[in-house]
Amino acid sequence: MAGKRVIAICQSGGEFETDEDGSLSYRGGVAHAMDIDDQMKYNDFKTEIEEMFNSDLSTMSIKYFIPGNKKTLITISNAKDLKRMIKFHGDSNTADIYIIPEEVVPPPVSLPPADRSMQTTLPEAVVPVDDPLNVAGDIIDDTPHLDDTMQVDVPIDIPVYIPTPFPSVGSNDENHIKAAQEWENTITGVGQRFNSVHDFREALRKYSVAHQFALVYKKNESERVTVKCKAEGCPWRIHASRLATTQLFCVKKLNPTHTCEGATLTTGHQATRNYVADIIKEKLKVNPDYHPKDIVNDIKQEHGIELKYYQAWRWKEIAKERLQGSYKKAYKQLPSYCERIMETNPGSFATFTTKEDSSFHRLFVSFHASLYGFEHGCRPLLFLDSTPLKSKYQGTLLAATAADGDDGFFPVAFSIVDAETDDNWHWFLVQLKSAFSTAQSLTFVADREKGLKESIADVFHDVDVHHGYCIRYLSEQLTRDLKGQFSHEVKRLMVENFFAAAYAPRPVGFQRCVESIKALSVDAYNWVMQSEPVQWANAFFQGARYNHMTSNFGELFYSWASEAHDLPITLMVDAIRGKVMELIHKRREESNHWLSKLTPSMEERLEKESQRASSLRVSISAGNRFEVHGDSSEVVDLDKWDCSCKGWQLTGLPCCHAIAIINCVDRSPYDYCSRFFTSDSYRLTYSELINPVPVVDRYVPRESSKSAVTVTPPSTRRPPGRPPAKPFGSQDVVKRKRQPKCSRCKGLGHKKSTCKEFLLEC
């Protein structure tokens with residue numbers, strides 16, 4: 001029956017009722033539909049159900065009826081069961097599946113006192129026993145006829161707990177035991193209320209850990225819960241039920257007395273995934289950087305539970321999702337969140353696209369404060385770069401950053417895409433151009449790969465635009481493309497000469513540096529000369545880069561994204577927004593106290609040039625062209641803001657030669673500085689503030705708005721296990737590593753098998 005597809009109607013939260021003929025009917029709860037076929041893997045089937053109901057299947061069972069038989073429920077617990085269920089429904093297009101809770105509180109570990117006797121163990125199957133209730137259905141009748149340890153046959157739909165062997169508690173050593181004192185008062189007495197049945201169960205779980213005894217659920221329903229102490233004959237007992245017409249759960253009866261001795265001293269009792277995830281969640285609230293290795297140590301020390309590293313890593317992921325929210329839900333909220341950004345911050349851009357299957361494709365965000373600050377206060381210079389995200393669904397962050405008047409980075413726009421591709425970079429640039437209110441000349445500093453060379457020219461074809469290649473990426477490509485064996489020292493010299501050639505202000509200096517590269521390697525020289533120096537060397541580049549040569553200018557911005565990569569997508573964007581909001585506010589307040597005409601860093605640079613100018617000799621001629629003599633002779637044209645040393649043109653600040661002339665003609669150097677370096681321009685950059693964005697759950701989208709679009713997570717997911725540590729940012733172009741040593745000629749850089757030296761035998 002290959003290719004058979006069935007629509008599974010998954011239902012949860014309701015209850016079974018027995019009809020007069022003995023058949024079972026399901027009442028209440030919620031239902032979702034999903035497509036399944038005989039090729040579906042069982043783990044994928046479970047994962048989709050968990051995301052569908054935002055629940056954990058380790059405490060649930062999956063059941064279904066055989067067609068024509070409504071009296072017997074069949075359990076799906078492995079891949080064979082799933083295929084068998086699809087086969088049973090071969091003549092039907094739909095199948096009803098029921099998700100039923102199986103809740104048991106794992107008994108905690110306690111230190112065995114000397115006078116405690118031998119403990120009892122949990123039966124292999126403990127089933128609820130119906131307790132007689134009064135007319136109101138709330139108070140338990142503890143008459144002698146009720147036997148708390150009775151094992152009875154019950155309909156298959158009633159939850160039954162079968163212990164699983166993973167993970168188990170190792171020993172009861174004193175070093176492994178630490179009472180959770182903060183949980184001692186989670187249960188206070190009769191009348192205590194909880195927001196839901198789930199909250200009540202969680203409180204019970206923590207209460208049992210703090211007071212060191214084990215629980216057994218006698219009745220575990222959405223309307224009422226009855227629990228007793230696991231120890232045989234112990235009278236401790238609690239009953240709670242839901243208050244009519246509300247979701248509140250109230251404790252109706254509690255016997256707090258314990259007569260058991262050593263009820264928790266089993267040497268192999270079990271811990272569920274929920275139990276450990278809840279412990280980790282509490283730790284994450286205090287320490288968001290809680291590492292799996294610390295989880296392993298703390299869980300063993302405090303609760304006696306031994307975990308593997310990968311278990312701690314996975315359960316940390318579960319705990320984070322419970323703490324931060326569902327990743328899948330965040331994608332659904334993305335349309336509403338984009339609308340809210342533009343409503344709370346008028347003039348901002350927030351847009352997204354999806355693929356044909358409605359899965360997330362890409363998101364673009366640029367706040368009005370960033371756009372306004374860039375257009376009115378920053379140099380027309382943009383840095384384009386990217387960094388990979390290590391979130392659950394991976395992806396890449398693309399960003400455009402600028403340089404403010406104090407040479408601090410200024411975020412302009414960013415995008416989260418499914419992958420760094422030529423098409424996604426082109427889309428990002430299209431959105432960026434549409435966000436600008438005016439068409440102005442621009443200089444981009446970016447990699448020449450990944451389609452950026454073609455995309456920049458194509459998108460900004462009607463604007464005076466220049467593309468300066470990032471010399472960091474070029475130098476890395478140079479070392480990768482070099483053929484032959486070069487020592488680390490030779491490679492380092494090549495890179496140093498390459499950077500010197502890029503920064504050289506005049507062609508003669510450039511040529512001198514590339515000749516040094518040629519002396520080391522002709523292939524490297526040819527590579528440099530064929531890499532379009534006009535796009536990266538100061539001596540030939542036509543745009544205004546203000547001596548900024550690399551694209552990774554906004555490393556702090558990328559570090560923000562790295563800190564928030566674990567969050568669901570809407571929370572990740574909001575975390576970045578919060579960082580940008582704080583940055584703008586902080587720099588705005590700082591600049592209000594400045595008294596200088598230029599920003600602090602530019603004042604310092606101008607002062608250094610002024611000190612150098614004091615030792616120069618000026619030859620005054622007619623007009624505004626002058627000669628300045630020092631270590632070299634330079635020609636300065638004040639009208640054109642030009643010096644033959646090219647320092648004035650490259651930086652936007654007068655060089656020492658220009659300042660010497662300016663002082664001679666009794667003018668102010670401030671009149672010859674780029675306006676972008678003034679304190680007024682800096683304040684203009686940070687004049688607009690970013691407004692807070694309301695919480696997603698409180699937002700109700702308008703009808704017929706874009707928020708009605710359904711967005712699902714992308715297909716790419718992070719593989720299980722520890723992600724590789726590869727921090728973003730500037731890294732050494734050439735990694736230092738130990739050179740191999742030949743055992744034959746004792747030379748470095750090769751081994752005996754590749755040695756070409758001919759040794760004469762003595």
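Here is a chat between a visitor and a guide about the structure above.

Visitor: What kind of model is this, and how are its residues numbered?
Guide: This is a predicted model, where local features need pLDDT of at least 70, side-chain atom pairs count only at pLDDT 80 or more, and totals for chains, interfaces and linings use all residues. Side-chain values use heavy atoms, with hydrogens and water left out, and residues are numbered from 1 along each chain as its sequence is written.

Visitor: How many helices and strands does the chain have?
Guide: Helices (H or I, at least four residues) and strands (E, at least two) are DSSP runs, numbered from the N terminus. On that basis, the chain has 20 helices and 23 strands.

Visitor: What share of the chain's residues is buried?
Guide: Buried means under 20% relative accessible area, exposed means over 50%, and partly exposed is in between (1.4 Å probe, protein chains only). Out of the 762 residues in the chain, the buried share is 48%.

Visitor: Is strand β16 made of buried or exposed residues?
Guide: In a regular strand the side chains alternate between the two faces of the sheet. Here Thr396, Leu398, Ala400 and Ala402 point one way from β16, while Leu397, Ala399, Thr401 and Ala403 point the other way. With 8 of its 8 residues counted, β16 is largely enclosed by the rest of the structure, because they are buried.

Visitor: Which residue in the turn after β16 has a positive phi?
Guide: Strands pair if DSSP finds at least two bridges between them, and β16 pairs with β17 (residues 409-417) in the antiparallel sense over 8 bridges. Leu397 stands opposite Ile416 in that pairing. The two strands form a hairpin with 5 residues between them, and the turn residue with a positive phi of about 60 degrees is Asp407.

Visitor: Which strands sit at the edges of the sheet that runs β8-β12-β11-β10-β9?
Guide: That open sheet has 5 strands with antiparallel pairing. For instance, β9 pairs with β10 (residues 224-229) over 5 bridges. An edge strand pairs on one side only, and here those are β8 (193-194) and β9 (215-220).

Visitor: How far apart are the end C-alpha atoms of helix α16?
Guide: Helix α16 (residues 569-591) has 23 residues. The expected span of a helix is 1.5 Å times one less than its number of residues. That gives 33 Å for α16, which agrees with the distance between its end C-alpha atoms, 33 Å.

Visitor: At what angle do α15 and α16 pack?
Guide: Axes are lines fitted to C-alpha atoms, for helices over the stretch in contact, and angles run from 0 to 180 degrees between N-to-C directions. The axes of α15 and α16 are 9 Å apart, and the packing angle is about 140 degrees. Contact (heavy atoms within 4.5 Å) is made by Phe557, Trp560, Ala561 and Glu563 of α15 and Ile576, Lys579, Val580 and Leu583 of α16. So the angle asked for is about 140 degrees.

Visitor: Is Tyr546 buried or exposed?
Guide: Tyr546 lies in the loop between α14 (522-529) and α15 (555-563), and its phi is near 55 degrees, a positive value in a residue other than glycine. Most residues other than glycine have a negative phi. Because its relative accessibility is 16%, Tyr546 counts as buried.

Visitor: Which residues does Ser674 touch?
Guide: Ser674 sits in the loop between α19 (656-664) and α20 (679-685). Its relative accessibility is 10%, so it counts as buried. Not counting residues up to four places away in sequence, Ser674 touches Tyr546, Trp641 and Gly652.
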